[in-house]
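Subject: Structure for you to look at

Hello,

Please find the structure below. My notes on the ligand site and the cavities follow it.

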Amino acid sequence: MDTRDEQRLREAAHMLSRSTRVAVLTGAGISAESGVPTFRGEGGFWRGRSAMELATPEAFRRDPEGVWEFYRFRIAGLEDVRPNDGHRALAELEGRCDRFWLITQNVDGLHRAAGSRNVIELHGTLASAQCQACSYRCPSDALPGQPVPICPTCGDRLRPAVVWFGESLPGQALAEAEEAIEDCELMLVVGTSGVVQPASSFARWARSRGARVVEVNLESTPISDVADVSLFGPAGVILPRLIEMTA
Ligand code: OAD
């Protein structure tokens, strides 16, 4: 780190240490160091198809077997994946705040595995599957064996309990995220490209409510324009340092 990086880190640590109500927004970048591929990076492809092309209701209608194959691959891939120092630093930060919300766009469950408690899963979770017609839900490790698993209650198709492109976000998660944005004194945005709505507008919204915004990313993003401080580098390195400096 050069002197300017150090100075930015100190500035961010100062802001964080003065904030007792903290909201964090994370994206795929926080799990990159755990080995989970990001969406828009080079790893965001599966058998030559973009992960984003497979994560749609249209893809599921057209090719449910293919979409389930992709998701079984992703679910199986998580078995060997563990939280990294970035996830753990955020879990530690929660213990120091009066109010803390961790809004994540990730579906990998790594924040909870690291010990974070108030996790708002905006895009759902790979840990469960749900019926596309009724309210049946089951853990992904107890899925019926068919290539396209069938709901034991109503006979319709089960699908991963994640939000796909073009779908609404779960109402409860969205309401909790809105409360966080309205109430936080500081929003820490980590490892998201900031191009997918509505998460991409959260930082701007928090800022308009008077919150400070600190960003951690490998590179500059649309969120950098609204951030008070952007810290460039791997989240697994920057976050532990940032949290340590606020102790
Ligand atoms: P993206 O793949 O769009 O962006 C990942 C971001 O993390 C990029 O800005 C990288 O520069 C950054 N990054 C990568 N490695 C990092 C590291 N070690 N430390 C810090 N930053 C790092 O992922 P998201 O922004 O999460 O939605 O994507 C948002 C949504 O788009 C996803 O939840 C998913 C996707 O399509 C749905 O599936 C609905």
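The shell around the ligand is made up of 10 nonpolar, 10 polar and three charged residues. Here Ala, Val, Leu, Ile, Met, Phe, Trp, Tyr, Cys and Pro count as nonpolar, Asp, Glu, Lys and Arg as charged, and the others, Gly among them, as polar.

This is a predicted model, in which local features need pLDDT of at least 70 and side-chain atom pairs count only at pLDDT 80 or more, while totals for chains, interfaces and linings use all residues. Residues are numbered from 1 along each chain as its sequence is written, and side-chain values use heavy atoms, with hydrogens and water left out.

Of the 23 residues around the ligand (a heavy atom within 4 Å of it), Phe-39, Arg-40, Thr-192, Ser-193 and Asn-217 come nearest. The shell draws residues from both domain 1 (3–35 + 82–123 + 169–245) and domain 2 (37–77 + 125–162), so the ligand lies between them. The domain bounds come from an automatic or database domain assignment.

Three polar contacts (pairs of N or O atoms within 3.5 Å) are worth finding on screen:

- A ligand oxygen atom is 2.6 Å from an N or O atom in the side chain of Asn-217.
- A ligand nitrogen atom is 2.8 Å from an N or O atom in the side chain of Glu-33.
- A ligand nitrogen atom is 2.9 Å from a polar backbone atom of Ala-235.

The protein buries 92% of the 790 Å² that the ligand exposes when taken alone (Shrake-Rupley method, 1.4 Å probe).

Now the cavities. A cavity is a set of points, on a 1 Å grid over the protein atoms alone, where a 1.4 Å probe fits but cannot get out; lining residues have an atom within 4 Å of a point. Volume is the space filled by probe spheres set on the points. The whole structure has two cavities of 30 Å³ or more.

The largest cavity has a volume of about 80 Å³. Its lining has five nonpolar, three polar and two charged residues, including Phe-39, Arg-74 and Asp-108.

The second largest cavity holds about 50 Å³ of space, and among its lining residues are Met-1, Arg-8 and Phe-232.

Regards

Conventions
Polar contact = N/O pair within 3.5 Å; in protein donor to acceptor, adjacent residues only side chain to side chain. 1 Å grid on protein atoms, 1.4 Å probe; cavity = no way out; pocket = protein on both sides within 12 Å on 5 of 7 lines; lining within 4 Å.
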